[in-house]
Amino acid sequence: MSTTLPLYYTLASPSTSERLDASVSLLSALEQFQAQHSFPSTVEGDTEQQFEALNAADVQYAVNRLVKGLASSREQSRMGFAVALTELLERIPTISCAHVISLVLGTTQIGAGTSGAEQRDLLFARLFGLTAVIESGMLFRSQPPAVGSSTLKLLPTIDDFMVVISELIALGEKKTWIRESAWWAVLRAVDALHASEVSWKKAAIARMCPEIYDGSKDWTLEKLALGVKLQTLYPEMVWASMVAPTFKQSNLLGAGNLQAVARLFKGAAAEETDGPDKISGSWKPQLHFAWDMVLDSYFTPASQGKLSPPSEFQDFFRLVVDDSLFASSASDVRKAWGFQVFATALPRIPATQLPLIFTPNFMRTWINHLSKPDRFLHKAALSLVDEIHKVAQENPSVAYTLVAQLTGKNGNQRFDQITKTKTVQSLVESMDVASVEAYVKFLLEAACGGAEAESIGSIDTKRAWILDQLQSLLRNTAIPKSEAWVESILAFLTVHGFFIHKKPSSKSAIAALHTSPEPLFSAGSQEKCREKLYASLAFLNAQRKTNKGISQPNGTVSGDLQVIDWFGRSTALLRKLAKDKKHVMPVLEADEDVVELRSAATTTLDALVETTNEKADVTAACMLLLQYLTLQTYADDIDTSEILPDSVQATSKLLNLTNPSQTSMEDVEAEPIDMLMDVLMALLESDTGHARELVAQVFGGLTKEALPSTIQFMAAQLESKTTDEDEEGDDAEVQENGEDVDMKSVGDDSDDADEHHSESDDDNEESDDDESDEDDDSQAAANAALRARLGQVLRANGLAADTDDDEDESKDDSDEDIVDDDTMLQLDDQLAAALRSQVGDKKGQKNAQREATHFRIRVIDLVDIFMSNEPTSELLFQLIVPLLDIALFSSSDEAQLSNKATSVLKLRLGSAKDVPEPVTDALAAETLREVYDRMRRADPAPVVLDCCTFLTKVLSKQGKEASPAVLDFYNDALKDFVMRRSACAPVALFSKLITSFPVCGWALRETILSLMVAQDAVNRFNQRKQLPELLALLLKQTQTQSANVHRSTKELVQFFRLVRKTLYKAMDQALDAPSFPTDYIRDLLKCLHRAVRVSSEAITVDGQDEVWIPSEFETLAARLEAEHSNVPSVRDLANQVMKLLRPDAQTTKTEQNGKKPKKDSVAESPQVVTNVIEIPVSKPKRLKRVADPDASGQPQKKKKAKTSS
């Protein structure tokens, strides 16, 4: 026992794992003790004496300790002791059931004067103890243990069973808060009894049922749940007398008993009082276990026996749940129960009965609480969404049923929009092919029927929603597609978009003709059908082109579906329906010209199908364009009278088709690709989404056929009228000023530059004045037009004089003689119309400007397609400058246009991997200079640098060679960078060249060095700050090995000599300056230090003195020391350079002569150790920097004082 005592304390641990480990250890030890126990030959006495004789002492102690511990409230002792007791009673069969029952009842007696907390503990102890007896199975043992004689009373009896049931029922009657748990234990006992093989099973049921139900009028949910369970297990009993008079039928769930059942469940949810709803003290947020019993009984097959037939589940859910828990007057707590009941019933219900639980009151309550986050049951409503998704994922076949209910009669077609969720969308995406086909059939039937008690407006709204759903099914790539339902949707849109039903045709192969819509589709609905058809066909064609052979994420799609020509099928269907005059009538009657156009297009399409050439993409693009334009001839949504003939002619000429119907084909002078581009631009002006998508697809197949004239035409479409005028004005100003835009003339002196800037500023002011004058003129013209309209209205009513001279004289007479009330009313309307026309003109101008901007954005989309498809075409150069003009010079109202152009340039040029390889560099060099010209006219933007980098990559053959065009451009740009007061280019332009194109940067070394010492430099900041940085980058690149740059030793020696001459000369110039440029000298010394270090790695040591000539630098260092000794940073850098040039020599000349103070000798050593402290090297420098230059000796005295001490 001493080994098991600590385990009892661990049984109360808050940790579940610790409690379980203690239970396992305790039971193992007790089983060993019981195995070592010796049984006596004879056992007599009562159950307590038999318990002591047949069980080991440790087992006896354990049973008593565990039973008594059930009343402890310390931590988790009640739970741990109950688990251990249950396992112990199950494993050791020598413990009699009667003894344990009497022990539990005896230790849990409530005496007089017991406090409320103690009563609560004792009631829980009795409940846990009796439950342990039931769960262990000792109450239903049918075989006695193989110990002792057969007279031992170890098997349970019917009396023991009835004692347990009676005590549990009595326990539930004492306190309402423990009633549900006590009756749950009773149900567990009934289940265990039904599964056992005891001889007194039927007798126990026959004895228990009358005691619980005979003549009882006090029905509770617990008693109802037990009755439902017993009727399911034992339907042969006579239940009519036991459930009367509360229930009229013997079956508790019969149709006649549902009202009583509803009252029981309603009372369990809440108690109503006068006034607002109040929740009873026994209400709990969890569902009562009676719901599980009742729901299981409806969906578990069982025999009826002598019971009356049960009610239908539809009636049960309507009366007990929908009309009770979801009633309009129900409280929030009842509705919360209702949501839980729905979640409990949802996974149990078969798919065929799912619509039964989506009742009107439930759907109204669910949508209301789901739509607004501030609703009390919003989270509960969201949990139902998760449950629905879970059911649909487990069984995709029910997804269609769920969608039909959410968007059906009791739901709302805009369920997702109202609830701000994606419930319907996710359910549709989880469907399998069969469910999608059923859903499509449901939508098509709903679009044609359901006209009873609906207005025309509501029918059109309903059909518009259905058309949106059909399009989303086609466009959603997550939905598994099949040829059957895709074709049914397209046929439906074709029939109802282009034709009017005359009578149904049940034998037709077209399913859309089987039924006639009631009422017929309105003109608006027909137009919407056509729009959905165009958009769906364009999307399917794009999927056919880009996703060929790719299976959908939610199912496998056959390869045939990916290669179907949906446009061809739609045009063939249109031709077939046009011949069916009996059942349909076309929306637009075609005249002879239209019929001729269709015939020519059909002939060309047939020829394209039969032709076999290498231009597969071009053929597909031309077919797509002709098919789309042929569809337009059936409804005239887009005027095809001019563009369709041009398309036929251009296609025939481009693909060398023999088309006898086109006799004037040879007379066409324009290139066929340009004619097609003209057609595409006309389609872009239609401002429809499907037209833009189709133009993009067609143009994507024609990019290989583009000519310079084609690109020029596209570039012309990118220009705006205002932009052209501004550019012409700028050119005129440049010519008047006599300024040469060629960058070779940028080396003018500073006076000329200043004069140029002043002149340009004056010109800008003049241009601003001109623009303001133009605005005033336009405003004056608008005011004059308004006055003319008002005068015309007045003259029409006889209120204006014929001449202006006598206007004032006749004013008073006309007011008195002519104007009356009727005339004034008529005059008011006419004046209002005149003013509205003026406002309409302004709005029309704004709309026209907006449409022009959107059109240019669509053209930029085509440019993006061309750059993506043809990254190595020389025609790209013609598009760079127009796009750059849009990106840099667009107005604030065209921000979207500017951002679009910028993104295209960055994407296609800034990160381009493949670049064109032109035969000559003339066009690329000219484009590069034009880009630089834009850089001069506007603030340098990153997109300009991307364009320059791209063109440099082209001209340098991707950095493999330094072409003359690149060198000329960057030489001129560098001169402009230094010789102009306001720099036109950022330093990043040159640093990018040095780092990204080392061969080009190496070729510019002499230009950079020469400009560093140029006496006529105007921009001193760039010369003294930016050029040293470029030289540092160039030196850094010299250290790295590049496959494209081959530097011989001779070139390196010459380069370092030039660097030496440049830096020495730059320092001489700086020292001769009136003011000492400390930062500039420091940068020069840094460059010199880096150059010496790089040269020591690149060339031999013997040649270092010849390259750098240390004596010249010594002269510079001595001059620095003599003239600017108070700048320690400069002196230190000079010392570091000198150490690199002469490692074995002293740092300065003064140190060699011994004239340097003793302080410097201290500074040469790492540190000076005295008998008091250690003086580091930085100490003297810090003293000298802080001290006054005139009192330089004072720090030395302090130093000597410290050392002497």
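**Exercise 1. Two cysteines and the disulfide count**

Task: In this predicted model, decide whether C209 is buried or exposed, do the same for C622, and state how many disulfides a search of the whole structure finds.

Solution:
- Step 1. Begin with C209, whose relative accessible area is 0%. Buried means under 20%, so C209 is buried.
- Step 2. Next comes C622, with a relative accessibility of 1%. C622 counts as buried too.
- Step 3. Recall the chemistry: a disulfide is a covalent bond that joins the sulfur atoms of two cysteines.
- Step 4. Now take the count. Searching the whole structure gives 0 disulfides.

**Exercise 2. The whole protein**

Task: Describe the protein by its helices and strands, its buried share, its contacts and its accessible surface.

Solution:
- Step 1. The secondary structure consists of 55 helices and 4 strands.
- Step 2. The protein has 1205 residues, and 47% of them count as buried.
- Step 3. Look at contacts between residues at least 6 apart in sequence: 72% of these join residues at least 24 apart.
- Step 4. The accessible surface is about 59,300 Å², and carbon and sulfur atoms account for 49% of that surface.

**Exercise 3. How far to trust the model**

Task: What is the average pLDDT of the protein, and over which residues does the pLDDT stay under 50?

Solution:
- Step 1. The average pLDDT is 80, and 78% of the residues score at least 70.
- Step 2. Residues 546-559 have a pLDDT below 50, and this stretch makes 24 contacts in the model beyond near neighbours in sequence.
- Step 3. Residues 1146-1205 also have a pLDDT under 50, with 40 contacts beyond four places in sequence.
- Step 4. Handle such stretches with care: where pLDDT is low, the predicted coordinates should not be read in detail.

**Exercise 4. Salt bridges within a helix**

Task: Explain why E211 and R207 are separated by about one helical turn, then work through D315 and R318 in the same manner.

Solution:
- Step 1. Start with the general idea: side chains of opposite charge can pair when their charged atoms come close.
- Step 2. E211 and R207 form a salt bridge, with 4.0 Å between the closest N and O atoms.
- Step 3. Both residues belong to helix α10 (residues 201-213); because they are 4 residues apart there, about one helical turn separates them.
- Step 4. E211 is exposed at 52% relative accessible area, whereas R207 is partly exposed at 35%.
- Step 5. Turn to D315 and R318, whose side chains meet in a salt bridge of 3.7 Å, N to O.
- Step 6. This pair sits in helix α15 (residues 313-322), and because D315 and R318 are 3 residues apart, about one helical turn lies between them.
- Step 7. D315 is partly exposed at 27%, and R318 is partly exposed at 36%.

**Exercise 5. A salt bridge across the sequence**

Task: Which helices hold E693 and R475, and how many residues apart in sequence are the parts that this pair ties together?

Solution:
- Step 1. E693 and R475 form a salt bridge, the closest N and O atoms being 4.0 Å apart.
- Step 2. E693 is in helix α32 (residues 689-702) and R475 is in helix α23 (residues 456-475), so the pair ties together parts 218 residues apart in sequence.
- Step 3. E693 is partly exposed at 23%, and R475 is partly exposed at 32%.
- Step 4. Put salt bridges in context: the whole structure has 38. A network of salt bridges links D1068, D1072, R1119 and E1123.

**Exercise 6. Two buried residues in helices**

Task: Where does S371 lie, and which residues does S371 touch, not counting residues up to four places away in sequence? Answer also for T902: where does T902 lie, and what are its contacts beyond four places in sequence?

Solution:
- Step 1. S371 belongs to helix α17 (residues 360-371). At 12% relative accessibility, S371 counts as buried.
- Step 2. A polar atom of the S371 side chain is 3.0 Å from the backbone oxygen of N368.
- Step 3. Beyond four places in sequence, S371 touches I418, T419 and K420.
- Step 4. T902 lies in helix α39 (residues 895-910). T902 is buried at 16% relative accessible area.
- Step 5. Leaving aside neighbours within four places in sequence, T902 contacts A887 and V943.

Terms used. Residues numbered from 1 in each chain as written. Heavy atoms only, no water. Helix = DSSP H or I, 4+ residues; strand = E, 2+ residues; numbered from the N terminus. Buried < 20%, exposed > 50% of the residue type's maximum accessible area, 1.4 Å probe, protein only. Contact = heavy atoms within 4.5 Å. pLDDT = per-residue confidence, 0-100. Areas by Shrake-Rupley, 256 points an atom, 1.4 Å probe, with all protein chains shown as cover. Disulfide = S-S within 2.5 Å. Polar contact = N/O pair within 3.5 Å; in protein donor to acceptor, adjacent residues only side chain to side chain.
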